[in-house]
Amino acid sequence: MTQPSTTETAEPAREALGRLRAEVAKAVVGQDGVVAGLVIALLCRGHVLLEGPPGVAKTLLVRSLGAALDLEMKRIQFTPDLMPGDVTGSVIYDPRSAEFQFRPGPVFTNLLLADEINRTPPKTQSSLLEVMEERQVSADGVTRPLPEPFLVAATQNPIEHEGTYPLPEAQVDRFLLKLTVPLPAREEELGVLRAHHGGFDPRDLGAVGIKAVAGPVELAAAREAVGRVTVTEPVLGYIVDVCRATRSTPSVELGASPRGATSLLATSKAWAWLGGRDHVTPDDVKVMARPTLRHRLRLTPEAELEGVTAESVLDAVLASVPTPR
C-alpha cells in the first residue's frame, strides 16, 4: 500500500489553519498578524505575550481563536490579591468524603488568557512557570499533566504602570513570542463601529457565526509537518549570528539567550511552512526575529533614557548581520 506523501498529509492541515483568519475576522477586525503569531505559537508549543492598550480586542481575539479551533478557553483576571492556588488549583477538604481532594484551577484548559499578568505579585506570577515550561501542575505530591494543546496568552498594558509588577526575566524568556496589538486603522475602526451598530455582541460569538475550521488533529498534523521543514547550515549560522549580535550591542544589557536562538529557529520553520515552503529562508528569519526576540532584550538604563528601544536594536542588528545567499 502506497503511503501518502508529506505534501499530501500536510496540505489539508495548512488549508484548515489558513481558514482561521477568515473565521476570527468575523469577530475581530484586522489583527491578521496577531492571529498568525498565535497560530505559530500553537505550532511550536509555545506561549504568547500580548501587549497593547485597553480596548483593542485582545480578549475577544483569544476567545475567537478558541472557537475557530474548537478548543476550550479560560480567562484569569490577574489582580494584586490573586493567589497561586487560584491559578493552578488547590487541595481542599471534602467533608462529604472526609478526604482531601484536588480542585483543578483554570490552567487546566487549551487556551489560557492571563489578563494583565503584570498586575499580580511575583509569587503568583511564578505559579505559571511550571505550567508554561513543564505543562503540568504539581500539588500535594502529585503531578497532573495539562491538556494538549496548551497555550498561555498573557496580556500587558504598556501604558499604565502604577500598581504593576514587572515580569521576572526567567518568566519573560519562557514566552515564545511577544506580539503587539496595535490600534486599528481608520477603515478598520469604522468596520468595528458598523458591526456594533448592526447588533454585534462580543459576548456572543455564536451569533457571529464563527465555526470550528480546525482542531487538535489538524494541529498535530501541522506540528509534524513543521518538524520536517529543512534548514541549511548557512541559515542556522545566520540565526546564531543575529542572536549573538544582540549580546554585543552597547545599548543592550542582556541579549538573546540560546533559548532565544532555538525559539527563532522554531518560529522561522513554522512561518516557512505556513507560507507553503519546505525550507527556511533568511527572509523567514527576518520576519520572525522581532516578535521572537524583542522581549528577550534588556536595554541599559542609559539607552532607555536616550529613547533606544528593542525594536530599533533589532532593526540595526538585522541591517548589520550579513545575510546568507
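Helices here are DSSP runs of H or I at least four residues long, strands are runs of E with at least two, and both are numbered from the N terminus. With that in hand, one place to look is proline 149, which is found in the loop between β7 (142–145) and β8 (151–156). The peptide bond leading into proline 149 from glutamate 148 is cis, with omega near 0°. Most peptide bonds are trans, and most residues other than glycine have a negative phi.

A few ground rules before going on. This is a predicted model, where local features need pLDDT of at least 70, side-chain atom pairs count only at pLDDT 80 or more, and totals for chains, interfaces and linings use all residues. Residues are numbered from 1 along each chain as its sequence is written, and side-chain values use heavy atoms, with hydrogens and water left out.

How confident is the predictor? The score to know is pLDDT, its confidence in each residue on a scale from 0 to 100. The protein chain averages 87, and 95% of the residues score at least 70. Over residues 1–6 the pLDDT is below 50, and beyond near neighbours in sequence this stretch has 2 contacts in the model (a contact means heavy atoms within 4.5 Å).

Now for the sheet. Two strands count as paired if DSSP finds at least two bridges between them. On that basis 5 strands make an open, parallel sheet in the order β2-β5-β8-β1-β9. β2 (73–77) and β9 (177–180) stand at the edges with a single partner strand each, so one side of each has no neighbour in the sheet. From one strand to the next the twist averages 20°, where axes are lines fitted to C-alpha atoms (for helices over the stretch in contact) and angles run from 0 to 180 degrees between N-to-C directions. Zoom in on β1, residues 48–51, and you'll find parallel pairing with β9 over 4 bridges. Leucine 50 stands opposite leucine 179 in β9.

Just before β1, in the loop that follows α3 (32–43), sits arginine 45. Arginine 45 isn't a glycine, yet has a positive phi of about 55°. At 41% relative accessibility, arginine 45 counts as partly exposed; the scale runs from buried (under 20% relative accessible area) through partly exposed to exposed (over 50%), using a 1.4 Å probe and protein chains only.

Helix α4 (residues 58–68) has 8 of its 11 residues buried, so it is largely enclosed by the rest of the structure. Among the buried ones are Lys58, Leu61, Leu65 and Ala68. Follow the chain out of α4 and you reach aspartate 70, in the loop between α4 and β2. Aspartate 70 also has a positive phi, near 55°, and at 55% relative accessibility counts as exposed.

A search of the whole structure finds 1 aromatic pair. The partners are phenylalanine 102 and phenylalanine 108, set edge-to-face at 6.0 Å centre to centre with 70° between the planes. (Rings of Phe, Tyr and Trp, the last by its six-membered ring, pair if their centres lie within 6.5 Å; planes under 30 degrees apart are stacked, over 60 edge-to-face, and the rest tilted.) Phenylalanine 102 is buried at 17% relative accessibility, and phenylalanine 108 is buried too, at 16%.

Further along, asparagine 118 lies in the loop between β5 (111–115) and α6 (122–125). With a relative accessible area of 7%, asparagine 118 is buried. Leaving out residues up to four places away in sequence, asparagine 118 touches Gln125, Thr155, Gln156, Asn157, Thr164 and Tyr165.

Next comes a hairpin: β6 and β7 are joined with 2 residues between them, and aspartate 140 in the turn has a positive phi of about 55°. The two strands pair antiparallel over 4 bridges, with glutamine 136 bridging to proline 145 in β7. Side chains alternate along β6 (residues 136–139): Val137 and Ala139 point to one face and are buried, while Gln136 and Ser138 point to the other and are not.

Last stop: residues 244–315, which an unreviewed UniProt entry annotates as "domain: ChlI/MoxR AAA lid". UniProt positions are given in the numbering used here, feature names are shortened, and annotations may be inferred rather than shown by experiment. This stretch is 61% helix and 7% strand, with its end C-alpha atoms 14 Å apart. Alanine 256, in the loop between β10 (252–254) and α13 (258–274), is buried at a relative accessible area of 1%. Its contacts outside four places in sequence include Cys243, Leu293 and Leu297.

Definitions and conventions
pLDDT = per-residue confidence, 0-100.
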